[in-house]
Amino acid sequence: MQNKGTITLFAILLAIASIYQLSFTFVTWGIKNSAEEYAKGDFNKEREYLDSVANHKVYPLLGFSFKECQKRELNLGLDLKGGMNVILEVSVVDLVKNLSDNSVDPTFTKAIAMARQNQADSQDDFITLFYDAFKKVDPNAQLNAIFGTYSLKDRINPNTSDEDVLVILREEATSAIDNSLNVLRSRIDRFGVIQPNIQKLEGNSGRILIELPGIKDPKRVRGLLQGTADLQFWETYYFPEIYSYFIAANNKLKEIRLAEKSINVKDTTVADSTESSLANILQDSTETNALLDFNKDSVHTTLSEKEGYDKFNEEYPLFAVLTPYMSKENQPINSSTVGFAHSKDTAKVNSILNLKQIKLLFPSDLVFAWEVKPFDDNEELYKLVALKSKKGKPALSGDVVTEARDETDPSTGQWEISMSMNAEGAQKWARITKENIGNQIAIILDGYVYSSPVVNQEISGGRSSISGDFTQEEAKDLANILKSGKLQAPSVIIEEEVVGPSLGEEAVQSGMISFIIAFGFVLVYMVFFYKSAGLIADIALAANMFFIFGVLASLGAVLSLPGMAGIVLIIGMSVDANVIIFERIKEELSSGKGMKLAISQGYKHAYSAIIDANITTFITGVILYVLGHGPIKGFATTLMIGIVTSLFSAIFITRLIFEKYLDKNKEISFFTNMTKGFMKNTKIKFLEKRKVAYIVSGIVITLGLVSLFTNGLNLGVDFKGGRTYVVRFDQDANTTEIASLLKKSFGEAPEVKIYGTSNQVKIITKYLIESKEAGSDNLAEEKLYEGLVPLLKKGTSFDDFLQNNRESSQKVGPTIADDIKVAALWSILFALLAIFLYIFVRFRNWQYGLGAIAALTHDVLIVLGLFSVLYPFMPFSLEINQAFIAAILTVVGYSVNDTVIIFDRIREDASLYKTKGNLALYNDALNSTMSRTFNTSISTFIVLLAIFVFGGEVIRGFTFALLIGVVVGTYSSLYIATPVVFDTVKRKAIEVVTVSNKDYKGGKKKDKK
């Protein structure tokens, strides 16, 4: 074996890297288990515990905090740990309207309406659809007459062509999408979600994918994501101006606390019943600080003992949670910052400052806002800024900003932000800056302070420069924030999926059970069939699983439920390479070669088949990754990683172990007494039976097509749009009763069917699915709750229902449903074309490509037909959704894997036995690969059966498609692909077939040119 040292070193380095990456996951799992034990089911206490250790060095060996470990741990998908998956679409319709100053021109309004109508069934972007409709309504109309508005007067004039106007509209749309992305990132960062995923989807669709693990309040998230950006510029107070008010507020709080203590314990009311009790506001301070191992020195006190801190807390109830911004001389610092607080105490500070008795002490124009980012190294402390309002409003709104960009100062080389305003904004900005020279102006987005630059001089002309000790990244971020002020396009949720934590936990358990059963079966089967060689394959398989998880963690990839199914599938498929190698070694041994030479030759002759088979499967993974999203992309990622690691493990790790065995003269066996002659000399006449196979397949496909045209398919909401809810009850569910109750609530009868257990149902409805209103999703959930109240446990509130009964929900708008259908069709076509081209190039004959495509088309049609025939009768869901498309492409990859192994043997035998006729050549190739075909198929089938039985309801339909695919794919490789090649090459001389059947008589070759 060449380069043995290099391969060994690489394997060791890969193992070390995997251990390093997975170690973070083990550390975080330990902390999370401790949090669960501490909280005992109380989510708030669990979150409090995790927050308290966020910056603790929980991985002392490497010096990482819990927060840093979380960033490096293996990411679980939302379907495994619960959370919310959203696709937002920036409303380009509203952007176009706003850019026209909401024109009422009849041609414009008709074109907008027509474009919106056409959008549901088109793949073109809205601006293209709008222009087509605009010209259709009035061919002579000009866009410059509509968009030559005040805000665009510098770019569009009466001489601007339609083409140039369209370029400007597209630029504005791209800018709006980028600005929306920036705003959403900022909002989600404030939401405190760990490991969120935010990305702009490819193309000009204006769509943004957001994945939020662990979300418990989808209603709040919807409001957060769909609100328009609110950029403002505020004048500020300096702390010395208002310091005395804080002293008065602290004294007032002491009075309130004493008054509350004097109330009889039995009297649960407080003097002012409209206000929150100060005790309630502050009751968690000591507990929280104790839990956090709170540093008293950071709270304006030198007390070190807990009782000393409690005493300070009694004397200074305000300053116990809000540290004043004081100098070493104990004087208020001349800044708009009035103090800082721990992230856990900001809500307490807000509650205190909003108490009626406290608000009366401060100036009426004083407003407070927190800085958006923490300022300390541990990222725990936030500054509070004092703002000066103008009749309750900011000095200037952010919609006057026309441009902002990061650039360097030519004189100093430091990064700064250049900002431009429109004419109206420039005029106001000149007055504001003139009145505030030497003071700070706070830049506020969505109620949080992003920057508070000092005004150095009056700024006229509307062009400003914000300088400071900025890094390039900080300057770019602030420029993006300023650009969000001109955001004129709201975002609308067009697809949404919510998975409850309990359903996620069940998915993890079912996934692990199926993984353990499948893994255990394969380990036992390989030893049973190949004895000591099987044990070596098992070691490689275990290493492969370890490498897969390590690579997933290192890439920051997400492990979803379909991804776990992909790993289990890889278990079945990864033994295929070992089976191919072992069968070739057995052939070499049968020819009389010694063990060392047989192993060397077996590996050598197996490489071609292994590489070809895995590349074709890898192609389907690439297509799935490019065209899929969410869990399907996770499945594709896992599949591709698994293919690469399984190849390395099967080819190199097993070879290294064999070399060690040979060096030590250890016995190696490739069979047991029971499997020694298994399928060794089979003489099945496959090609003679091809016409029978054609007829059987033709009948099955015809029946399937009849069902497809008459019965159709059970399309999921992915393909037809709508809402689905999985709801669990305390008792067995009556689907007829549920549908009747919800008809009164929704105004239309939904589809209701048992989902998994008898007390769980899936509800499908189109209620408000086409609504663009921001509150429509919340309203749909409220109507669902209203309809189901009679079946819920007495006293179940709406929030209880969402937390405990509503297991998951999904929404797919009609526009994106159409896009998903088109993407699914293209993915299948691209996969078939890519495989045809690869086989054509690899085997240098179109007949081989034709045979493979014929088999794959056969497999796809049979799976589709069976789903059409069976979906009304099966006790589990057979929906056609994105997961089904993933299954179809996986079937395509598996089937072509089988086929390529046979083609590779035909090619090899044709070069070795040039006098053998086609019929004998093809039959012998099929028979010689039967042992490999059987072993791979049976191991993959039983692995999939484990997923089907134990993997949970969510992926049962997906797994069922794979089970059918393995059976049909194996059949088509034997009885469709190879016979089609045989029938197409019979009349044509090609490279690998030099002699026809008629030229081979009684073992003698007849000359033929």
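**Figure 1. Helices H21 and H30 cross with their axes within 8 Å of each other.** In this predicted model, H21 covers residues 595-627 and H30 covers residues 882-912, and their axes cross at roughly 160°. That angle makes H21 roughly antiparallel to H30, since anything over 145 degrees falls in that class. The crossing of H21 past H30 is right-handed. To find the contact on the H21 side, look for His605, Ser608, Ala609, Asp612, Ala613, Thr616, Thr617, Thr620 and Leu624. On the H30 side they meet Ala886, Leu889, Val892, Gly893, Val896, Asn897, Val900, Ile901, Asp904, Arg907 and Glu908. Sorted by class, this contact of H21 with H30 brings together nine nonpolar, seven polar and four charged residues.

**Figure 2. Helix H20 also packs against H30, at an angle of about 10°.** Here the axes of H20 (residues 561-590) and H30 are 12 Å apart. H20 therefore runs roughly parallel to H30, as angles under 35 degrees are classed that way. From H20, the residues to pick out are Leu569, Met573, Asp576, Ile580, Arg584 and Glu587. Their partners in H30 are Thr890, Asn897, Ile901, Arg905 and Glu908. By class, the H20 contact with H30 holds four nonpolar, two polar and five charged residues. Asn897, Ile901 and Glu908 of H30 are worth a second look: they appear in the contact with H20 and also in the contact with H21.

**Figure 3. Helix H31 has a set of buried residues.** H31 spans residues 918-928, and its buried residues are Asn918, Leu921, Tyr922, Asn923, Ala925, Leu926 and Asn927. What lies over them? The cover includes helix H29 (846-870), H30, helix H32 (930-950) and helix H33 (956-985). So if you have just come from the views above, H30 turns up again here, as part of the cover over H31.

**Figure 4. Glu172 and Arg155 are joined by a polar contact between their side chains.** The distance for this pair is 2.7 Å. Glu172 sits in helix H9, which runs over residues 162-191. Is Glu172 buried or exposed? With a relative accessible area of 11%, Glu172 is buried, because the cut-off for that class is under 20%.

**Figure 5. Thr796 is a buried residue in a loop between two helices.** The loop connects helix H26 (776-788) with helix H27 (798-805). Thr796 has a relative accessible area of 14%. Its side chain reaches the backbone oxygen of Lys793 at 2.6 Å. Leaving aside residues up to four places away in sequence, Thr796 touches Tyr785, Phe801 and Asn805.

**Figure 6. Leu355, in the loop between helices H15 and H16, is buried.** H15 covers 346-353 and H16 covers 356-359. The relative accessible area of Leu355 is 4%. A handy partner to display is Leu253: the two leucines are 102 residues apart in sequence, and their C-alpha atoms are 9.7 Å apart in space.

**Figure 7. Leu50 in helix H2 touches Ile31, Lys32, Ala35 and Phe66, not counting residues up to four places away in sequence.** H2 runs over residues 43-52. Leu50 is buried, at a relative accessible area of 13%. For Leu50 and Ala35, which are 15 residues apart along the chain, the C-alpha separation is 6.5 Å.

**Figure 8. Asp101 and Lys391 have positive phi values without being glycine.** Phi of Asp101 is near 60°. Asp101 is found in the loop between helix H5 (92-99) and helix H6 (106-119), and counts as partly exposed at 47% relative accessibility. For Lys391, phi is about 55°. Lys391 belongs to the loop between strand E9 (381-388) and strand E10 (396-397). With 86% relative accessibility, Lys391 counts as exposed.

**Figure 9. The whole chain, for orientation, has 33 helices and 23 strands.** Of its 1009 residues, 54% are buried. Among contacts with a sequence separation of 6 or more, 74% are between residues 24 or more positions apart.

Definitions and conventions:
Residues numbered from 1 in each chain as written. Predicted model: local features only at pLDDT ≥ 70, side-chain atom pairs only at ≥ 80, totals over all residues. Heavy atoms only, no water. Axes fitted to C-alpha atoms, helices over the stretch in contact; angles between N-to-C directions. Parallel < 35°, antiparallel > 145°, perpendicular 65-115°, else oblique. Left-handed = near helix turned anticlockwise from the far one by under 90°. Contact = heavy atoms within 4.5 Å. Nonpolar A, V, L, I, M, F, W, Y, C, P; charged D, E, K, R; others polar. Buried < 20%, exposed > 50% of the residue type's maximum accessible area, 1.4 Å probe, protein only. Polar contact = N/O pair within 3.5 Å; in protein donor to acceptor, adjacent residues only side chain to side chain.
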